[in-house]
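Please look over the sequence and the structure shown here before reading on. The briefing that follows goes through helices, sheets and a pocket, topic by topic.

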Amino acid sequence: MANKNKILIVEDDVNIRNFLVALLEANDYQVVTAGSCKEAIMMFTTHVPDLTILDLGLPDMDGTFFINEIRKEWSAPVIVLSARTDEQDKVEALDTGANDYITKPFGSGELLARIRTVLRNSRRNCELGVFQGGKFSLDNLAIDYDTRRVYIDGVEIKLTQTEYNIVCVLSQQSGKILTYSAIIKAIWGSNDEGSTKKLQVNMANIRKKLGAKPGEDSYIINELGVGYRMKDKND
Ligand code: CA
């Protein structure tokens, strides 16, 4: 079928690679593979996949090199699949341009769900054009980008300009984790010492205004030590 999504798997561990190929083909994806960073870049430019699943620990170079290379020209989503559980590694991969990060060992169901989410978001961003007007809705939350207003159950929620900007940035990439520094850069343009604190204070106010009880995730999920993610319809 011509309309199958094509996925590039970059993984040097043959067992994991074979498992991924079987899993994805069984779920109707078209699959191409690479076992090193150099091969991955070649396969990517030849096949232009809709999505790449990327191991970071590759024999020739670190997988982040691949992300850096393709991000010069392409916006196709990348899901990092790595044994590295360190938060710093997650932050680095996401800041380099990965769309999501899954830690090994992973569940098949979880991986397939993340693939669907990332593919849907990239399609939607193509259709809407990120940061153009329009509306966002999720459960009882509605955002009108043209009038910069936010509603819950049809009742307007009063946000400050900064709070609105944060909600706007998160909603326009809903489903994706945005790191603290990515949000800070988008909102304030630069990252200084007080920025993280400023972001946390704003976020606490936003969550309160959106009706979150302490310790509870309502619309915005706090990925501890990494960043924030606006839920999407799959959550
Ligand atoms: Ca590896």
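In this predicted model, helix 4, made of residues 87-96, lies across strand 4 and strand 5, and it runs at about 150 degrees to strand 5. Strand 4 and strand 5 belong to an open sheet of 5 strands, which has the order 2-1-3-4-5 and parallel pairing. The points below begin with helix 4 and then turn to that sheet, a pocket, a hairpin and another sheet.

**Helix 4 and its surroundings**

- The buried residues of helix 4 include Val91, Ala93, Leu94 and Thr96, and the elements that cover the buried residues of this helix include helix 3 (63-71), strand 4, strand 5 and strand 10.
- An α-helix has 3.6 residues a turn, so residues that are three or four places apart point the same way.
- Glycine 97 follows helix 4, and the phi of this glycine is positive, near 130 degrees.

**The parallel sheet**

- In the order 2-1-3-4-5, the edges are taken by strand 2 (30-34) and strand 5 (100-103), and because each of these has a single partner strand, one side of each is left without a neighbour in the sheet.
- Neighbouring strands of this sheet are turned against each other by 20 degrees on average, with direction ignored.
- Strand 1, residues 6-10, is joined to strand 3, residues 51-54, by 4 bridges in the parallel sense, and within this pair valine 10 stands opposite leucine 54.
- Strand 1 also runs parallel to strand 2, with 5 bridges between them, and here threonine 33 of strand 2 is the bridge partner of isoleucine 9.
- Strand 1 is mostly covered, since 5 of its 5 residues are buried; Lys6, Leu8 and Val10 point one way from the strand, whereas Ile7 and Ile9 point the other way.
- Helix 1, residues 14-26, packs on this sheet and touches strand 1, strand 2, strand 3 and strand 4 (78-82), while its direction makes about 165 degrees with that of strand 2.

**The second largest pocket**

- How much space lies in the second largest pocket? The volume comes to about 390 Å³, and among the 20 residues that line this pocket, Asp100, Glu110, Arg114, Glu223 and Arg229 are the closest to its centre.
- Helix 4, strand 5 and helix 5 (108-128) each contribute at least two residues to the lining of this pocket.
- Sorted by class, the lining of the second largest pocket consists of 7 nonpolar, 4 polar and 9 charged residues.

**The hairpin of strand 6 and strand 7**

- Strand 6, residues 135-138, and strand 7, residues 141-144, pair in the antiparallel sense over 4 bridges, and leucine 141 in strand 7 is the bridge partner of leucine 138.
- These two strands form a hairpin with 2 residues between them, and in the turn aspartate 139 has a positive phi of about 50 degrees.
- Which side chains of strand 6 are buried, and which are not? Along this strand the side chains alternate, with Phe136 and Leu138 buried and pointing to one face, and with Lys135 and Ser137 pointing to the other face and not buried.
- Asparagine 140 is placed in the loop between strand 6 and strand 7, and because its relative accessibility is 41%, this residue counts as partly exposed.
- Leaving aside residues up to four places away in sequence, asparagine 140 touches Tyr151, Ile152, Asp153 and Tyr219; from tyrosine 151 it is 11 residues apart in sequence and 7.9 Å apart in space, taken from C-alpha to C-alpha.

**The antiparallel sheet**

- An open sheet of 3 strands has the order 10-12-11 with antiparallel pairing, and its edge strands, strand 10 (177-179) and strand 11 (220-223), each pair on one side only.
- From one strand to the next, the twist of this sheet averages 30 degrees.
- Strand 11 is paired with strand 12, residues 227-230, over 4 bridges in the antiparallel sense, and arginine 229 in strand 12 is the bridge partner of isoleucine 221.
- Helix 8, residues 195-209, packs on this sheet and touches strand 11 and strand 12, its direction making about 145 degrees with that of strand 11.

How values were computed
Residues numbered from 1 in each chain as written. Predicted model: local features only at pLDDT ≥ 70, side-chain atom pairs only at ≥ 80, totals over all residues. Heavy atoms only, no water. Pairing = 2+ DSSP bridges. Axes fitted to C-alpha atoms, helices over the stretch in contact; angles between N-to-C directions. Contact = heavy atoms within 4.5 Å. 1 Å grid on protein atoms, 1.4 Å probe; cavity = no way out; pocket = protein on both sides within 12 Å on 5 of 7 lines; lining within 4 Å. Points joined across faces, edges and corners; volume = space filled by probe spheres on them. Nonpolar A, V, L, I, M, F, W, Y, C, P; charged D, E, K, R; others polar. Buried < 20%, exposed > 50% of the residue type's maximum accessible area, 1.4 Å probe, protein only.
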